[in-house]
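Q: I have a model open and would like a close look at a single part of it, with its surroundings filled in afterwards. Could you walk me through it?

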Amino acid sequence: MNTRTLGKGGPEVSALGLGCMGMSEFYGTGDEKESIAVIHRALDLGVNFLDTADMYGMGHNEKLVGQAIKDRREEVVLATKFGVRREGAVRTIENSPEYIRAACDASLRRLGVDRIDLYYMHRRNPAVPIEESVGAMVELVRQGKVAYLGLSEVSAETLRRAAAVHPIAALQSEYSLFTRGLEAEIRPAAREVGTALVAYSPISRGLLTGTLPPADELPDDDFRKFAPRNQGENAEHNAALAAEVRRIAESAGLTAAQLSLAWLLAQGDDVVPIPGTKRLKYLEENVAAASVTLSAELLAELERAVPAGAVRGERYPDMSSVEL
Ligand SMILES: NC(=O)c1ccc[n+]([C@@H]2O[C@H](COP(=O)([O-])OP(=O)(O)OC[C@H]3O[C@@H](n4cnc5c(N)ncnc54)[C@H](OP(=O)(O)O)[C@@H]3O)[C@@H](O)[C@H]2O)c1
């Protein structure tokens with residue numbers, strides 16, 4: 001697998017990473033054995049960039065990833081996140097220095113490692129100045145607990161302020177053919193300060209593949225059941241767009257997931273998509289997208305079929321925690 005560098009002087013990672021979130025929560029029930037097999041197969045295929053967070057499965061996902069990599073630690077660029085505290089159904093966003101220090105120690109313990117390669121602030125609480133939070137993250141770098149810093153779902157202004165304190169290797173935000181809100185202001189700011197874009201939900205949580213059942217058929221513990229873009233008329237409109245993506249993919253001998261990933265890779269060397277799956281067959285299909293080069297004609301056809309802003313409905317029921 002070819003590689004990309006995260007930010008100026010940041011870590012070298014595979015052009016496609018692996019999102020591990022769905023192995024623990026949000027997209028139906030996973031099987032631990034198959035999830036671990038997916039992580040091992042990803043490493044065998046050259047995917048070295050693993051993504052987790054302390055809140056995925058309330059710590060379960062970090063433990064699972066830690067277990068999977070315990071004999072292969074040196075092969076992995078390990079990314080995790082802090083900042084979303086969950087107590088039962090209640091979520092708060094915590095960015096204070098004390099919270100960050102404790103969260104980092106807890107993640108290191110669950111992962112079973114002595115260093116996190118890329119540590120992201122998962123969500124920002126504007127009540128805490130970003131400089132204070134990044135200052136606490138820099139302290140973790142000085143202590144050797146963290147190698148590189150990242151942020152998730154922050155605005156261009158927050159990113160600039162953070163990067164003035166310390167280099168930010170990566171901004172992880174939702175980015176796909178169906179979610180392009182960051183292209184206007186955040187993308188140019190990231191380039192300006194030398195921060196790579198790690199594209200999460202790069203196949204729009206499965207929506208782009210056309211395999212996602214209608215929202216009312218999804219179980220209550222599937223996050224997608226409640227996403228506004230999967231509801232009613234929005235869902236119908238968006239399914240028609242996804243069908244267009246599938247048609248174009250088929251004409252190029254690709255699956256819709258592969259085309260969606262190849263489109264992101266074509267947006268610049270500073271974009272690293274992290275598709276998520278708990279299944280070997282999807283992993284192998286997705287990895288093949290890293291060697292696809294899309295022609296200018298095909299990119300133009302896609303742009304006509306799914307222009308920025310074509311998708312209807314928000315991606316989260318509550319957009320207040322994302323700075324977009
Ligand atoms: N920073 C943040 O706030 C944030 C938010 C969300 C996610 N993330 C990270 O980003 C990663 C990826 O995003 P995501 O998992 O939300 O969305 P995604 O990668 O766009 O989509 C994942 C969904 O698509 C399905 N899928 C994957 N490959 C497929 C294929 N080739 N054909 C058909 N279906 C396929 C998966 O199915 P199965 O589940 O059946 O395998 C899963 O349901 C996560 O794992 C997580 O690490 C970060």
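Which residues does R161 touch, not counting residues up to four places away in sequence?

A: Happy to take you through it, and please keep in mind that this is a predicted model. Leaving out residues up to four places away in sequence, R161 touches R124, P129, I130 and E131. R161 itself sits in helix α5, which covers residues 156-165. For one of those partners there is also a backbone distance: the C-alpha atoms of R161 and I130 are 7.1 Å apart, although 31 residues separate the two along the chain. With a relative accessible area of 28%, R161 is partly exposed, because it falls between the 20% limit for buried and the 50% limit for exposed.

Just ahead of this helix there is a backbone detail to look at. The loop between β9 (146-152) and α5 holds E153. E153 is not a glycine, yet its phi is positive, at about 55°. As background, most residues other than glycine have a negative phi. E153 also counts as buried, because its relative accessibility of 3% is under 20%.

Another positive phi turns up in the loop between β11 (196-200) and α7 (232-251), where R205 lies. Phi of R205 is near 60°, again in a residue other than glycine. At 12% relative accessibility, R205 counts as buried. The loop between β11 and α7 also contains N230, a buried residue with a relative accessible area of 11%. Beyond residues up to four places away in sequence, N230 touches L207, L212, A215, R224 and A235.

L207 leads us on to F178, since F178 is in contact with L207 as well. Leaving aside neighbours within four places in sequence, the other contacts of F178 are S204, L208, R229, N238, L241, A242, V306 and V311. F178 belongs to the largest nonpolar core, which has 83 residues, and is one of those that touch the most other members, together with L18, I39, L151 and L259. Helix α8 (residues 256-265) gives the most to this core, with eight residues. Apart from it, there is a second, separate core of 24 residues, including A79, Y200, F223 and V272.

L259 brings in another helix through L302, which lies in α10 (residues 296-305). Setting aside neighbours within four places in sequence, L302 is in contact with L177, V245, I248, L259 and W263. L302 is buried, because its relative accessible area of 0% is under the 20% cut-off. The C-alpha atoms of L302 and E244 are separated by 8.5 Å, with their places 58 residues apart along the chain.

For another residue with a relative accessible area of 0%, look at S107, which is buried and has its place in helix α3 (residues 97-111). The contacts of S107, without its neighbours within four places in sequence, are D54, E62, T80, I116 and Y119.

Now to the ligand. It is surrounded by 32 residues, and the closest are Y27, D51, T277, K278 and R279. By type, the residues of this shell divide into 12 nonpolar, 12 polar and eight charged. Helix α9 (residues 280-287) gives the most to the shell, with three residues.

Some of the polar contacts can be placed atom by atom. An N or O atom in the side chain of R279 is 2.5 Å from an oxygen atom of the ligand. A polar side-chain atom of R123 lies 2.9 Å from a ligand oxygen atom. P202 takes part through its backbone, where an N or O atom lies 3.3 Å from an oxygen atom of the ligand. On its own the ligand exposes 910 Å², and the protein buries 96% of that.

R279 and K278 also connect this site to helix α1 (residues 32-44), where E34 is found. Not counting residues up to four places away in sequence, E34 touches K278, R279 and L280. E34 and L280 are 246 residues apart along the chain, while their C-alpha atoms are separated by 7.6 Å. E34 is partly exposed, with a relative accessible area of 30%.

To return to your starting point, R161 is also partly exposed, and its contacts with R124, P129, I130 and E131 are the ones to display when you zoom in on helix α5.

Key: Residues numbered from 1 in each chain as written. Predicted model: local features only at pLDDT ≥ 70, side-chain atom pairs only at ≥ 80, totals over all residues. Heavy atoms only, no water. Core = buried A, V, L, I, M, F, W, Y, C linked by side-chain atoms within 4.5 Å. Buried < 20%, exposed > 50% of the residue type's maximum accessible area, 1.4 Å probe, protein only. Helix = DSSP H or I, 4+ residues; strand = E, 2+ residues; numbered from the N terminus. Contact = heavy atoms within 4.5 Å. Near = heavy atom within 4 Å. Polar contact = N/O pair within 3.5 Å; in protein donor to acceptor, adjacent residues only side chain to side chain. Areas by Shrake-Rupley, 256 points an atom, 1.4 Å probe, with all protein chains shown as cover. Nonpolar A, V, L, I, M, F, W, Y, C, P; charged D, E, K, R; others polar.
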